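Let's take a look at this one together. Have the sequence and the 3D view open, and we'll go through it piece by piece.

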2 protein chains.
Amino acid sequence: MDREAARDLALDAAEELFYSRGIQAVGMDDIRGLSGVSLKRLYQLFATKELLVEAYLERRDVSWRRRLARHVEAFEDPGERILAVFDWLGLWFGEPAFRGCAWINSYGELGATSATIAAQARKHKLAFRRYLRELTAAAGLPEPLADQLLLLAEGAMVTAGIFATPAPAAQARAAAVQLLAAAGRARPAVPAE
Amino acid sequence: MDREAARDLALDAAEELFYSRGIQAVGMDDIRGLSGVSLKRLYQLFATKELLVEAYLERRDVSWRRRLARHVEAFEDPGERILAVFDWLGLWFGEPAFRGCAWINSYGELGATSATIAAQARKHKLAFRRYLRELTAAAGLPEPLADQLLLLAEGAMVTAGIFATPAPAAQARAAAVQLLAAAGRARPAVPAE
DNA sequence: TCGCGGAGAGAACCGGCGTTCCCTAGGGTA
DNA sequence: TACCCTAGGGAACGCCGGTTCTCTCCGCGA
């Protein structure tokens, strides 16, 4: 097993365990047990647990945003793309392994203690906000609307996690429809010509 | 120092430390150091750390909702009361000690491990949702609107915590205004007579 | 066949923390 | 003054988990 393969196995196990149980509840030995990568190798790949956590959040950030983008960009219409974000959240919330947002959870757990984890959470949420701003800009809608959509999405993630139901995605979608309509009335996306 | 006073001191210290640093980052000895209540007494009052955490969340739930209600119920108009919720969030977010929502943070930290903490978070959020539903019902607005307002509020708490800015409260308030207007158009709160 | 270098398993080390225990001091009482 | 009883401080205990170390084994080259 070469270095790359071991790294992937370790990160797979880290993602599975850290996400489902929380970071502090998982020991390096648990990672070793699930991944089959020996402790020695683990520490060659990630000098400390904190670095492993960082790599886990980094990799998940990339894959999370890619999964979202794939779903959203199947649509052509800019307005539909915005709503597709909430539809995708609903799909995500419905997955059996769903346990809330990894970054919100990590921030709650270690944001006060670890500056790097707080920074990772900020980075991820900034990237998500930037994406929403791109989507609203493409639809000719103002930036403040994107920030409101961000609040709906974050609220849906939290509520879906704590209440363990995917319903908040549909609620957020409905609210987004209202906000889009209101913004459309103020500054129509497609001028009447 | 009698039993009641010691209990209050211990809970004051617990709230201060657990909220600012996270639960697992605080040891019983830290509680003792800040409260001045000896370990022996602490364990007479709370047989385990978990019971202390539970008592902390319980007490904070009561005081958090009382603070909110005090601010909201200074207004008479049902519509104003709803918006007052978001104004109060802005005041809260602006406090120097603000570090996000204690229940969202606790859930992220221990929700997967401790069933009682997950239940506390659910209980608190259910109570908040019930309050929002009461406010919208009093304004003659439909229940789904309350659930959407809940998403805005939760999203604002998370975003204000991670980005360390009170701005999300105003963004959520603006979105709430739009949603209220839309709901008012559909089913006017004050019929035209 | 004989070393040798690297890798893995798991024990060992060490610090932290929840919980318990011991020792002392102080105050009330005969 | 002598004796208890209580409370508090803080050391002690046991466990856990991050990190390191050691021992063994395997494959490869001379």
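How do the residues of the surface near DNA strand D divide into nonpolar, polar and charged? The split is four nonpolar, three polar and four charged. Keep in mind as you read on that this is a predicted model.

## Around DNA strand D

So who is actually there? From chain A, DNA strand D is surrounded by Val26(A), Gly27(A), Met28(A), Leu39(A), Tyr43(A), Thr48(A) and Lys49(A), and from chain B by Arg32(B), Ser38(B), Lys40(B) and Arg41(B). H3 of chain A and H3 of chain B each supply at least two residues of this surface.

Now for what gets touched. Of the strand D atoms within 4 Å of the protein, 65% belong to sugar or phosphate, with bases making up the rest. On the phosphate side, a backbone N or O atom of Val26(A) lies 3.3 Å from a phosphate oxygen of DNA strand D, and a polar side-chain atom of Arg41(B) lies 3.2 Å from a phosphate oxygen of that strand. Lys40(B) goes for a base: a polar atom in its side chain sits 3.2 Å from a base oxygen of DNA strand D.

## Around DNA strand C

Over at DNA strand C, chain A brings Ser38(A), Lys40(A) and Arg41(A), while chain B brings Val26(B), Gly27(B), Met28(B), Leu39(B), Lys40(B), Tyr43(B), Thr48(B) and Lys49(B). By class, that surface has four nonpolar, three polar and four charged residues. Helix H3 (39-45) of chain A and helix H3 (39-45) of chain B each give at least two residues to it, and H3(B) has the largest share, with three.

Here, 67% of the strand C atoms within 4 Å of the protein are sugar or phosphate atoms, and the rest belong to bases. Have a look at three phosphate contacts made by chain B. In Lys49(B), a side-chain N or O atom is 2.7 Å from a phosphate oxygen of DNA strand C. For Tyr43(B), a polar side-chain atom lies 3.0 Å from a phosphate oxygen of the strand. Val26(B) uses its backbone instead, with an N or O atom 3.5 Å from a phosphate oxygen of DNA strand C.

## Where the two chains meet

Next, the protein-protein side of things. In all, 38 residues of chain A are in contact with 38 residues of chain B. The area buried between the chains is about 3200 Å², and carbon and sulfur atoms give 68% of it. Leu151(A), Ile162(A) and Phe163(A) supply 22% of the area that chain A buries against chain B, more than any other three residues.

Which elements of chain A give two or more residues to the side that touches chain B? They are helix H1 (3-21), helix H6 (102-110), helix H7 (115-138), helix H8 (143-163) and helix H9 (167-186). H8(A) provides the largest share, 13 residues. Sorted by class, this side of chain A has 19 nonpolar, eleven polar and eight charged residues. As for polar links, there are four residue pairs in polar contact across the interface, both partners at pLDDT 80 or more, and zero salt bridges.

## How far to trust it

The mean pLDDT of chain A is 93, and 95% of its residues reach 70 or more. The stretch to watch is residues 189-193 of chain A, where the pLDDT is below 50. Beyond near neighbours in sequence, that stretch has one contact in the model. Where pLDDT is low, predicted coordinates shouldn't be read in detail.

Conventions: Residues numbered from 1 in each chain as written. Chains lettered and ligands numbered in written order. Heavy atoms only, no water. Near = heavy atom within 4 Å. Polar contact = N/O pair within 3.5 Å; in protein donor to acceptor, adjacent residues only side chain to side chain. Helix = DSSP H or I, 4+ residues; strand = E, 2+ residues; numbered from the N terminus. Nonpolar A, V, L, I, M, F, W, Y, C, P; charged D, E, K, R; others polar. Contact = heavy atoms within 4.5 Å. Buried area = accessible area lost by both parts, 1.4 Å probe. Salt bridge = Lys/Arg side-chain N within 4 Å of Asp/Glu carboxyl O. pLDDT = per-residue confidence, 0-100.
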